[in-house]
Amino acid sequence: MAKFTEDDLKKDLKDKEYEYGFYTDIESETFPIGLDEDIVRAISKKKEEPQWMTDWRLKAFEAWKEMKEPNWANVNYDKPNFQDISYYSAPNSKPKYNSIDEVDPELLDTFNRLGISLDEQKKLAGVAVDIVVDSVSVATTFKKTLAEKGIIFCSISEAIKEHPELVKKYLGTVVPQRDNFYSALNSAVFSDGSFCYIPKGVRCPMELSTYFRINQAGTGQFERTLVIADQGSYVSYLEGCTAPSRDENQLHAAVVELIALDDAEIKYSTVQNWYPGNKEGKGGVYNFVTKRGLCEKNAKISWTQVETGSAVTWKYPSCILKGDNSIGEFYSIAVTNNFQQADTGTKMIHLGKNTKSTIISKGISAGKSQNSYRGLVRINKNATNARNFSQCDSLLMGNDCGAHTFPYIEVKNKSAQIEHEATTSKIGEDQIFYCNQRGIETEKAIALIVNGFSKEVLNKLPMEFAVEAQKLLEISLEGSVG
Amino acid sequence: MSLKEKLVSSYLAFESHLEEDSHVHEIRNKAIRTFEENGFPTIKEEAWKYTSLKSILKKDYSIFPKGNTAVEFKDVRQYFLYDLDTYKIVFIDGIYSSFLSDTTHDGLDVCLLSAALNKPKYKAVIEAYFNKIASKNSITSLNTAFAKEGAYINIPKNKEVEKPIEIINFSTGNEAALMVQPRNLIVVGENAHVQIIERHQSLTNNAVFTNSVTELFAEKRAFVDYYKIQNDHKNASLIDNTFVNQERDSNCNVHTFSLGGNITRNNLNFYQNGEHCDSTLKGVTILQEKQHVDHNTLVHHISPNCESHQDYKGLYADESTGIFNGKVVVDKEAQKINAFQQNNNILINDNATVNAKPQLEIFADDVKCSHGCTIGQFDEDALFYLRSRGIGKKESEALLMYAFANTVLETVKIPELKRRINKLIANKIGVNIGFDI
C-alpha cells in the first residue's frame with residue numbers, strides 16, 4: 001500500500017462529500033414565507049395551543065422585533081433574511097402512529113439510510129426515540145415503559161396541551177425570551193421539540209434520545225427542548241442530527257433548557273452532523289443554538305457534544321451553578337473542514353458555594369475552516385471555594401485553517417481556584433515518527449493521534465452514542481480515524 | 001463641554017502654532033479626524049469591555065500645560081537610578097526639564113521629539129518611522145494629533161549603548177487637572193544594544209490623565225530591554241500605548257511594573273516582521289484600594305521561526321481590579337512559531353476582581369502555542385511554614401508575594417533597577433525587608 005501522508009489526508013478531507021445528503025420526498029404542509037404576528041398566531045393555532053402559550057409567543061415576537069442580530073462571533077456568513085423563511089412545515093400524514101408499521105415507509109427508509117434503524121434501536125439499545133422530521137413528532141417509542149416510572153417524555157406541543165402546569169412553570173426560566181436574538185425568535189415561532197420530566201428520586205432506566213432532521217427546502221427549524229429533572233433524579237439525554245444536502249442555507253435556531261433541581265443529575269449529549277456545505281463552501285446549515293442548564297443544590301449538569309457538521313455553528317451550552325455544591329461539566333469535540341466555521345464553547349456561572357466546573361474542549365480544524373473556542377468562567381462574589389478547570393486544545397491540519405481561543409475569566413471571590421490551559425499544535429512529525437518506528441503505518445498513526453486527542457471527550461459519551469460519534473468523526477476526517 | 005469636544009476644538013488652536021512640515025501635519029489632521037469620529041473608547045468595545053474611562057473623562061483637564069514648574073533635584077532624586085550613570089530625559093507635566101536631564105548627540109541621539117520634528121536633519125528619520133506602527137485607533141490617534149513632546153532615541157548601527165537611558169515623566173499637578181500626551185520614538189539600529197527605563201511618577205495627589213504613545217523599532221539583530229515603572233498616585237490615570245516593530249534576529253524584552261495609579265491601561269503591541277525574532281513581555285501588577293490595571297497585549301507573528309514569551313503576575317488586594325487581555329496572532333505564513341503566554345493571579349481580598357482573557361488566533365499549522373491562566377490565593381501551608389519559623393504574618397505574605405512575582409523580577413538585567421523595584425514592592429506591601437535573598 002502506498003504511504004499515506006498528511007497531504008493525502010488533506011486531499012481526502014477536501015474531497016469528502018457529505019455522505020448523508022439525500023432528500024426525502026414527503027408531501028409537506030408548509031406555511032407561506034415571512035414572519036409577522038399573524039404567522040406567530042397561525043403557528044400557535046396550528047399546534048392547537050392554549051391562549052397563554054399564544055401570548056407567550058407574541059411577547060417573544062415583540063421582543064425579537066426590537067433586537068438586532070449579534071455579530072460578535074468569529075464567523076462570517078450571509079445574514080439570513082428572516083422574511084424569506086417559512087416558519088412551519090409538517091409532514092402531511094397527520095394522524096399519530098401507535099406502531100412503527102404505520103409510519104410512512106419512505107421516512108423509515110430515510111432513517112435506515114442514516115443507519116438509525118428504529119427496530120434495531122428498540123431491540124438492541126433500549127433507546128426511546130422521539131423522531132422529529134420537520135418539526136412534528138412522528139413516532140414515540142418506549143413511552144409505556146417510561147410512563148410506568150412516571151417519566152414524561154413527549155413532544156413539547158403535546159406537553160403544552162397535557163402538562164401545562166409544568167411547561168408554564170419552567171419554560172423560559174433558564175433561557176428567557178429576550179435572552180438573545182435567536183432565543184427570542186425561537187420563542188416566537190418554535191414548532192416542536194422534546195419535553196422531558198423525571199419525577200423525584202427516579203433514575204431514568206434508559207437513555208432518552210431524539211433525532212432532529214431538516215427536510216423541507218427553505219424551512220428553518222426551531223426546536224425547543226425542555227428537560228426537568230426533579231429532586232434526586234437522573235437522566236441521560238441524547239440528541240443527534242443529520243440533514244440532507246442542499247445548496248440553500250438553512251437556519252437552525254434551537255433552544256434547549258435544562259433544569260436540575262436539588263440533587264438531580266442531567267447528562268446531555270449531542271452529536272451534530274448537519275450538512276456543512278460542499279467543498280466550495282456553498283450551502284450548509286446555520287446552527288445558532290442557545291443551550292443552558294440551571295443547577296440547584298448538589299445538582300449536576302454535564303454537556304457532551306460532538307460537532308462535526310453545519311456551515312456555521314454558534315453554540316455555547318452553559319451551566320448556571322446556582323445551588324451550593326453544584327457541578328457543571330462541558331466536554332466538546334468540534335471538527336471543522338472545508339469552509340466550515342465554528343464558534344463554540346461554554347459559560348460556567350458560579351453563584352453558589354463550593355461549586356465546581358470542568359471544561360474540556362477539543363477543536364480539530366482542517367481544510368479552509370475556522371474553529372473558535374469562546375468560553376466564560378465567572379465566579380461571583382458569594383461563590384466561595386469555587387473551582388474551575390478548563391482545557392482547550394486545538395489541532396490544526398493544513399495551512400489554510402485557523403484555530404482561535406477566546407476564554408473569558410472573571411473572578412470576584414478570593415477563595416476561587418481557576419486554572420485555564422490551552423494549546424494549539426499540529427500532529428507532530430516526531431509523534432508520527434515514533435509510531436512509524438514501532439511499525440505503525442502513518443495512516444494508523446494519524447488515527448491513533450486524533451483518537452487520543454479526542455479521547456477525553458469521546459469517553460464521556462454514553463455507549464449507544466459513542467459508536468455514532470466515532471462514525472461521524474470518521475466521516476469528517478476520513479482516513480484519519482480508524 | 002465634554003473632553004472630546006474640548007480636545008477637538010483645541011486642536012485648531014494647537015495646529016496654528018505648528019512649525020513643522022506638511023508630512024507630519026497631514027498625519028495629525030488625519031488622526032484628529034479619526035478621534036473626532038470615534039471618540040474615547042467605551043465598554044461596548046470588546047477591547048475595553050472591562051475598563052471604563054467614564055470616571056476619568058468627567059474632569060475638566062487643561063490640555064496645554066503652562067510649564068515653568070520648578071522641581072528641585074533633591075526632591076526627586078529618589079526616583080532616578082542615582083547610583084548609576086544614566087542618560088536622562090525628564091519631563092515635568094509634559095514639559096522638558098533640561099535642568100534634570102542628561103541628553104546626548106555623541107554617537108547616538110538621546111534627545112527630544114520636538115527637536116526631531118522641527119529640525120530638518122531628522123526629517124528622513126521622521127518620515128521613515130513616525131506613526132508607522134502606532135495603531136490608527138481612536139486613543140492612539142488622539143496622541144498623534146497632539147504629539148509634540150517626548151523622547152527621541154536613535155541608536156546607530158553596531159552601537160552598544162554603555163549606560164541605560166531613563167525616560168521619566170513627573171506630574172506635579174500644579175494645575176487642578178492636567179492631561180498630558182507624551183510621544184516617544186525609539187529607533188534601535190542594526191546590531192545595536194540598548195536598555196531603556198520609562199517611569200511615570202506623580203509628585204502630588206492632583207488629577208493627571210496621561211495618554212502616552214511609544215513607537216519602538218528594533219532593526220536586524222538589535223537587542224532592546226525596556227522597563228516600564230508605573231507608580232503614580234491614586235488620582236493619576238495612565239493609558240500607555242506601546243508599539244514594537246521587530247526585524248529579523250532582533251530581541252526585545254518589555255517588563256511592566258504596575259504599582260500605582262487610579263486607572264492604568266497598558267496596550268502593548270509587538271509585530272514580528274522578520275524571522276528568528278524573540279519577544280518577551282512580562283509584568284508584575286500589585287494593586288490596593290480601588291486601583292484598576294488593564295494589561296492588553298498583542299503579539300503578532302508575521303514571519304516564521306519566531307518566539308514569544310508572555311508572563312504576567314498579578315496580586316490584588318482590597319477593592320482593586322486586575323485585567324489581563326493577552327492576544328497572540330499567528331499568520332498563515334508564520335510557521336514554526338513558539339508562543340507562550342502565562343498569566344497567574346492571586347486575590348488577597350474578597351472584594352478584589354480579576355478578569356482574564358488570554359486569546360489565541362492561529363492560522364498556521366506548524367506552531368506550538370499555549371497559554372495558561374490561574375487564579376488562586378496564598379497557600380495556607382506555605383504561610384504556616386513561614387510563620388512557624390517566627391516570621392510575622394505580613395512578612396510571610398510579602399515573601400510569598402515576592403516569590404510569586406520572581407519569575408518576572410529575575411529577568412531584570414540591571415541590578416540597581418532590580419533593587420529599586422524590590423524596594424518599591426516592599427513599600428507597596430508595607431514591609432521593611434529587602435528581598436535580597
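# A tour of chains A and B

Start by selecting helix α9 of chain B and colouring its buried residues: B:S396, B:E397, B:A398, B:M401, B:Y402, B:A405 and B:V408. Keep in mind that this is a predicted model.

**Stop 1: around the helix.** Stay on the buried residues of α9(B) and show what they pack against. Among the strands of chain B, these partners are β12 (251-258), β14 (278-287) and β16. Two helices of chain B join them: α8 (380-388) and α10 (415-429). Now look at the spacing of the buried residues. An α-helix has 3.6 residues a turn, so residues three or four places apart point the same way.

**Stop 2: along the helix.** Select residues 393-409 of chain B, the whole of α9. How far apart are its end C-alpha atoms? They are 23 Å apart. That agrees with the expected 24 Å, because 17 residues at 1.5 Å a residue should span that distance. Then centre on B:A403, where α9(B) bends by about 30 degrees.

**Stop 3: a loop in chain B.** Move to B:N305. This residue sits in the loop between β15 (292-301) and β16 (307-316) of chain B. Its phi is near 60 degrees, a positive value in a residue other than glycine. Most residues other than glycine have a negative phi. B:N305 counts as partly exposed because it has 16 C-beta neighbours inside 10 Å.

**Stop 4: a loop in chain A.** Next, pick A:N354. Look for it in the loop between β19 (347-350) and β20 (356-365) of chain A. Here too phi is positive in a residue other than glycine, near 55 degrees. A:N354 has 18 other C-beta atoms within 10 Å, so it is partly exposed.

**Stop 5: all of chain A.** Zoom out. Chain A holds twelve helices and 24 strands. Of its 482 residues, 55% count as buried. Take the contacts in chain A between residues at least 6 apart in sequence: 85% of them join residues at least 24 apart.

**Stop 6: where the chains meet.** Show both chains. Here 32 residues of chain B are in contact with 30 residues of chain A. On chain B, select β19 (353-356), β20 (359-362) and β21 (367-376); each supplies at least two residues of the side that touches chain A. Which element gives the most to that side? The answer is β21(B), with ten residues. By type, the residues on this side of chain B divide into 14 nonpolar, ten polar and eight charged.

**Last stop: strand to strand.** Select β24 (residues 417-426) of chain A together with β21(B). The two run antiparallel, joined by seven bridges. Finish on one facing pair: A:E419 stands opposite B:T374 in β21(B).

Conventions. Residues are numbered from 1 along each chain as its sequence is written. Chains are lettered from A and ligands numbered from 1 in the order in which they are written. This is a predicted model: local features need pLDDT of at least 70, side-chain atom pairs count only at pLDDT 80 or more; totals for chains, interfaces and linings use all residues. Two residues are in contact if their C-beta atoms, placed from the backbone, lie within 7 Å. Helices (H or I, at least four residues) and strands (E, at least two) are DSSP runs, numbered from the N terminus. Ala, Val, Leu, Ile, Met, Phe, Trp, Tyr, Cys and Pro count as nonpolar, Asp, Glu, Lys and Arg as charged, and the others, Gly among them, as polar. Two strands pair if DSSP finds at least two bridges between them. A residue is buried if 20 or more other C-beta atoms lie within 10 Å of its own, exposed if 12 or fewer, and partly exposed in between; C-beta atoms are placed from the backbone. The expected span of a helix is 1.5 Å times one less than its number of residues. The bend at a residue is the angle between axes fitted to the seven residues ending there and the seven starting there.
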